[in-house]
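Reader: I would like to go through this structure slowly with you, asking at each step how a description is reached.

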Amino acid sequence: MTAITAPGLAGPATAAWPRIGREWTLALPLAAFFAVFFVTPLLLLVAVSLYADAEMTRFGLDQYIRFFGDTFNLAVLGSTLLLGVKVTALTLLFGYPLAWLYTRSGPRMQSALILVIILPLLTSVVVRTFAWIVILGRDGIVNNLLLSLGLAETPLRLLYTEGGLVAALVQVQMPLMVLPLITTLSRLDPNLLDASAALGAGPWRGFLKVTLPLSLPGIVAGCLLTYAAAVTAFITQSLVGGGQMLFMPQYIYQQTITLHNWPFAAAISIVFMMSVLGVVMLFNLLGRASKGYVHA
Amino acid sequence: MTLDRRQILAAGLTLGAMSLFPGMSWAQARKLVFATFTGSWEEAHRDVIVPHFRKATGNADIALDPMLSVDMIAKVSAAKANPPIDVMLMDPGPRLSVIGQDLAAPFPVDDSKNYKDLLPVAQLPEGPGIFFQAVGITYNPEKVKTPPTSWDDLWKPEYKGRVGITNMNSTLGTAFMVELAKTRGGGENDIEPAFAALKELQPNLGAVAPNPGALATLFQQGQIDISPGNFNAIQILRARGVPVEFAKPKTGTIAFLTTAHITKNSPNAKLAAALIESAMAPEVQTKLMQAPFYVIPTNSKVQMDGDIARMIAKDQEELKASFVFHDWSVINQNRAGWIERFNKEIKV
């Protein structure tokens with residue numbers, strides 16, 4: 001193996017790209033893994049979605065026409081995407097102060113906080129979701145509290161409602177929002193806030209003009225993760241949302257597993273994936289815009 | 001011989017691949033894979049059928065792989081030539097898909113000792129019935145003082161917000177709708193009365209659970225007090241001390257036959273047949289019928305006893321008289337449309 005040239009000794013012709021040697025080959029195993037176990041199944045999925053009938057005998061765009069031809073399907077897609085927006089907005093609302101508190105705390109408090117933030121990730125999502133069934137049930141903690149305080153006369157229906165589902169998802173996905181926020185907020189130079197205060201900005205103005213814009217990359221990253229996780233959260237959606245509230249993941253499951261209509265299931269999977277990608281790209285554009293804003 | 005990096009890397013990758021896919025190196029002599037149902041079914045089958053099978057076959061290697069019937073079909077139809085499962089358990093609806101998609105090999109009826117002792121309804125050469133499941137009314141005796149006797153009791157105004165059902169994805173949910181249609185002048189070919197009845201049930205509905213397991217846990221949480229329910233799911237809750245009882249509706253207990261099938265192209269077809277033979281044996285079914293399993297037997301030689309005799313049927317004659325079977329060949333044809341309708345119409 002004498003042909004290998006150390007990157008630092010590369011000739012002038014390659015100087016513009018000093019780091020491209022043969023190191024890229026190290027990425028090959030992972031690339032091959034993705035090609036075999038992600039790209040191939042994805043292409044298969046596209047192929048299956050192009051069958052015109054459930055028995056998979058002829059090709060055609062029938063499944064997509066069926067999906068877009070029925071307002072019910074569009075309503076399911078819309079409510080799923082909207083569910084993600086609600087969950088992401090609430091997670092940001094509750095997560096931001098938590099992340100901010102973390103960066104302002106002493107080391108002891110920080111380790112306590114990080115434990116609280118990470119802890120949900122250490123238990124299975126099924127367990128966390130079941131905890132919410134106990135909390136929201138008719139005999140659950142919330143209802144018992146409301147009844148004993150006299151705030152309600154009969155137990156409220158909390159489980160199997162969208163409100164209950166949003167609350168559960170916000171808690172379950174919280175770490176995905178808080179961790180990127182902590183990363184960006186900790187990198188923020190505290191002198192900037194002092195400077196803005198010295199120049200006469202109040203705490204709110206300092207926050208709105210300095211902290212918030214500088215933390216936008218973290219907000220975008222957190223929102224991306226939370227959104228993608230919330231719209232695809234099959235377990236939480238079905239266990240806390242119940243059997244009559246239909247979101248895209250259950251719809252796909254129903255068509256695949258119960259009805260064996262693979263082409264339609266594949267078509268809705270593709271439509272769902274494209275829609276989520278669309279939202280994700282929107283977030284990314286925001287992120288890019290925020291970078292321009294920060295450097296301006 | 002000296003090893004260079006390439007060889008070491010290649011060897012490392014091979015080892016890694018082998019540990020990722022152990023089946024690759026053992027394709028010829030793999031264990032018998034019995035796809036059973038999850039939860040208490042797996043426990044029952046592990047504790048009773050497996051020891052009997054191992055004794056009968058001189059300690060043949062066996063692995064249980066618990067999952068739903070529909071998942072078994074998905075796995076087997078994705079690898080028809082080299083199926084990862086040797087014995088499949090099917091509910092009546094999926095059973096017809098298995099036969100329709102030609103995924104099962106016929107059970108060798110002529111070589112079987114126990115097959116002829118099965119109740120006639122369980123003698124199916126495509127795959128014999130090894131137990132029944134029964135669906136009746138489940139209720140919380142602490143809240144529901146008079147034991148229900150009819151499906152109509154779910155509509156009583158006193159159960160406002162207390163009734164639970166599952167959606168039609170599950171066998172339980174679909175069978176309940178069919179039975180509802182039947183008791184109101186419809187049937188497998190006319191589901192309309194069931195949807196009309198469900199509309200009237202809306203004020204009483206406290207929950208539409210995503211699956212039967214989730215429905216059962218709702219009794220534990222006090223979310224619901226009365227629902228259609230699977231006898232075996234109720235027995236598990238009872239054993240955990242949850243106050244639930246099972247009542248037989250006067251129009252009959254909805255029954256499903258669970259059948260065992262040898263997967264087509266299984267490399268272990270002989271052992272698969274031996275496993276099904278064990279599952280049909282009267283001594284196995286007698287043991288499975290007793291606490292804590294309460295599996296309803298299909299072998300006519302089994303003497304009914306305990307909770308099954310008290311809550312389901314005291315003997316095979318009563319069982320035949322009280323069990324209602326639905327025609328799943330008709331249900332399967334209509335089910336996609338029903339599920340679509342349920343998706344659209346039932347909002348709580």
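Author: Let us begin with chain B, where 72% of the contacts between residues at least 6 apart in sequence join residues at least 24 apart. A contact here means that the C-beta atoms of two residues, placed from the backbone, lie within 7 Å. This is a predicted model, in which local features need pLDDT of at least 70, side-chain atom pairs count only at pLDDT 80 or more, and totals for chains, interfaces and linings use all residues. Residues are numbered from 1 along each chain as its sequence is written, while chains are lettered from A and ligands numbered from 1 in the order in which they are written.

Reader: What makes the radius of gyration of chain B agree with that of a compact globule?

Author: The radius is taken over C-alpha atoms, and the globule rule is 2.2 Å times the number of residues to the power 0.38. For 348 residues a compact globule would come near 20 Å, and chain B has 22 Å, so the two agree. Along the principal axes, the C-alpha atoms of chain B fill a box of roughly 85 × 50 × 40 Å.

Reader: What does chain A have, set against a compact globule of 296 residues?

Author: Chain A has a radius of gyration of 25 Å, whereas a compact globule of 296 residues would be near 19 Å. The C-alpha trace of chain A spans about 65 × 60 × 35 Å along its principal axes.

Reader: How many helices and strands are there in chain A, and how many does chain B have?

Author: Helices (H or I, at least four residues) and strands (E, at least two) are DSSP runs, numbered from the N terminus. By that count chain A has 13 helices and zero strands, and chain B has 13 helices and eleven strands.

Reader: Which residues of chain A does the UniProt annotation "transmembrane region" cover?

Author: In the unreviewed UniProt entry, that annotation covers residues 31-52, 72-100, 112-137, 219-241 and 262-286 of chain A; such annotations use the numbering given here, their feature names are shortened, and they may be inferred rather than shown by experiment. One of these spans, residues 72-100 of chain A, is 100% helix and 0% strand, with its end C-alpha atoms 42 Å apart. Residues 31-52 of chain A are 86% helix and 0% strand, and there the end C-alpha atoms are 33 Å apart. The same entry type, unreviewed, also gives "domain: ABC transmembrane type-1" for residues 77-283 of chain A.

Reader: Why is A:A228 called partly exposed?

Author: A residue is buried if 20 or more other C-beta atoms, placed from the backbone, lie within 10 Å of its own, exposed if 12 or fewer do, and partly exposed in between. A:A228 has 19 other C-beta atoms within 10 Å, so it is partly exposed. A:A228 sits in helix α10 (residues 216-231) of chain A and, leaving out residues up to four places away in sequence, touches A:V276 and A:V280.

Reader: What percentage of the residues is buried in chain A, and what percentage in chain B?

Author: Buried residues make up 30% of the 296 residues in chain A and 46% of the 348 residues in chain B.

Reader: How do you know where the largest nonpolar core lies with respect to domain 1 and domain 2 of chain B?

Author: A nonpolar core is a set of buried Ala, Val, Leu, Ile, Met, Phe, Trp, Tyr and Cys residues joined through C-beta atoms within 7 Å. The largest one has 148 residues, and those with the most contacts inside it are B:V87, B:M88, B:L275 and B:I276. Helix α7 (residues 162-187) of chain A gives the largest share of this core, 13 residues. Domain 1 (28-132 + 256-318) and domain 2 (133-255 + 327-345) of chain B both give residues to this core, so it lies between them; the domain bounds come from an automatic or database domain assignment. Beyond its neighbours within four places in sequence, B:L275 is in contact with B:L32, B:F34, B:F53 and B:V87.

Reader: Which residues take part where chain B is in contact with chain A?

Author: There, 24 residues of chain B are in contact with 21 residues of chain A. On the side of chain B that touches chain A, α13(B) gives the most, with five residues. That side divides into eleven nonpolar, nine polar and four charged residues, where Ala, Val, Leu, Ile, Met, Phe, Trp, Tyr, Cys and Pro count as nonpolar, Asp, Glu, Lys and Arg as charged, and the others, Gly among them, as polar.
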